[in-house]
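Thanks for coming, everyone. I'll take one helix pair, then one sheet. Have the structure open while I talk.

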Amino acid sequence: MKCLLLDWMRGAAVIGAALLAVAGTPALAEECVGRNLIAQLSQDERDAIRQAVAQVPYHDGLFWRARRGAAQITLIGTYHFDDPRHAPTLARFGPEIAQADRLLVEMGPQEQDRLQAELARDPTLIVQPDGPTLPERLTAPQWQELSAAMRERGMPAVMVSRMRPWYVATLLGISPCMMRQIAKQGAESGLDFRLIAAAEKAGVPVQALEPWDTAFQMFSDLSPQEELDMILYGLPAARHADDYATTLTDAYFAGDVWSIWEFGRIDGYRNSDLPPDQIDRLTDEAREMLMDRRNASWIAPLTKAAEQAARRGKPVVAAFGALHLPGEGGVLRLLEREGWKIERLPMR
């Protein structure tokens, strides 16, 4: 599940930046350094990841093109945090965005502004004003480990104790190093924001694929225990979060994004206190909730935008988290089932 929480990192990063400012966290080193945890696995475990990944449609690559008749979509799988290796992607696709009818993203500038305004108006979106606190809902050792992990991310325990568990779990998916980057640089330095900036500079409209409150609506359906399970699932990986961040970025820039998913499951088996069948259940539920349902909801706006653009003689560009691309429930397979021809694009 931790790898899937990447999908909400951008929204969490924006909120987290505000919380860090309140907490007064100093800006520290900007460069994140860690070990690649996949490389630390046994040969059998690495082979198991490769074999699992090989069965997944469209698992290899970050950049794709979909065509159906005159309609055309360029699809860019993104990573939501800053990295100097984003520069070639911007150089490669900046001209395409400038010529496109529109850029479609998970959350556009209007949705981002609405999110921040609503959080300022209603803090209960991420804070529980009443009921038992997290220290009351967790065991003493669990709370001790969680509060220590959140302190590393600039969040004092008194603040965390009243946060909604799904949001705490999301913040656990952001390494302390990344949180320090956010505190110093802001949350607008990831690839998504850079592509949006390129579109705005070129006067190309930016369209959101989903409403500003999608995350809040989605997590509101979780039971109290399911929310706590998200925290318990994420805690083991939080112990080596900077290593996990290095593993994720290495896999992303290798274009091998589904290995992130398969590693997350194995890491859960190795390090979580939860039994394997519960890890499998949580992993499958997370994929359905965080990716598959959203992927399915994006096909209609992607298709409508591309067809409208085609009537004006233009393509569209879509940019969203790279984990949305592969898999039977991924955007590429869903488009293929709707009659779109899919081709992988090289990085030129």
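Start with two helices, H9, residues 165–172, and H13, residues 224–238. Their axes come within 8 Å. The crossing angle is roughly 15°. This is a predicted model, so take the angle as computed. How do H9 and H13 lie to each other? Angles under 35 degrees count as roughly parallel, and H9 and H13 therefore fall into that class. As for handedness, H9 passes H13 in a left-handed crossing.

Who makes the contact? From H9 we have Pro165, Trp166, Val168, Ala169 and Leu172. H13 brings Glu227, Leu228, Met230, Ile231, Gly234, Leu235 and Ala238. Sort the residues of this contact by character: 10 are nonpolar, one is polar and one is charged.

Now the sheet. It is open and has six strands. Read across, the order is S4-S3-S5-S2-S1-S6. The pairing is mixed. Which strands stand at the edges? They are S4, residues 206–208, and S6, residues 341–344. Each has a single partner strand, so one side of each has no neighbour in the sheet. On average, neighbouring strands are turned by 25° against each other, direction ignored.

Next, the pairings. S1, residues 63–68, runs antiparallel to S2, with six bridges joining the two. In that pair, Arg67 stands opposite Gln72 of S2.

Two helices pack on this sheet. H4, residues 87–99, touches S1, S2, S3 and S5. The direction of H4 makes about 155° with that of S2. H11, residues 191–201, touches S2, S3, S4 and S5. For H11 the angle to S2 is about 140°. Over 145 degrees counts as roughly antiparallel. By that cut-off, H4 is roughly antiparallel to S2, while H11 is oblique to S2.

Last stop, S5, residues 316–321. Is S5 mostly covered or mostly open? Mostly covered: six of its six residues are buried. S5 sits between S3 and S2 in the strand order. On one side, S2, residues 71–78, runs parallel to S5, joined by six bridges. On the other, S3, residues 103–105, also runs parallel to S5, with three bridges. Look at Val317 in S5. Val317 is the bridge partner of Thr74. Val317 is also the bridge partner of Leu103.

One general reminder while you look at the strands: in a regular strand, side chains alternate between the two faces of the sheet.

That's the tour. Over to you.

How values were computed
Residues numbered from 1 in each chain as written. Predicted model: local features only at pLDDT ≥ 70, side-chain atom pairs only at ≥ 80, totals over all residues. Heavy atoms only, no water. Buried < 20%, exposed > 50% of the residue type's maximum accessible area, 1.4 Å probe, protein only. Helix = DSSP H or I, 4+ residues; strand = E, 2+ residues; numbered from the N terminus. Pairing = 2+ DSSP bridges. Axes fitted to C-alpha atoms, helices over the stretch in contact; angles between N-to-C directions. Parallel < 35°, antiparallel > 145°, perpendicular 65-115°, else oblique. Left-handed = near helix turned anticlockwise from the far one by under 90°. Contact = heavy atoms within 4.5 Å. Nonpolar A, V, L, I, M, F, W, Y, C, P; charged D, E, K, R; others polar.
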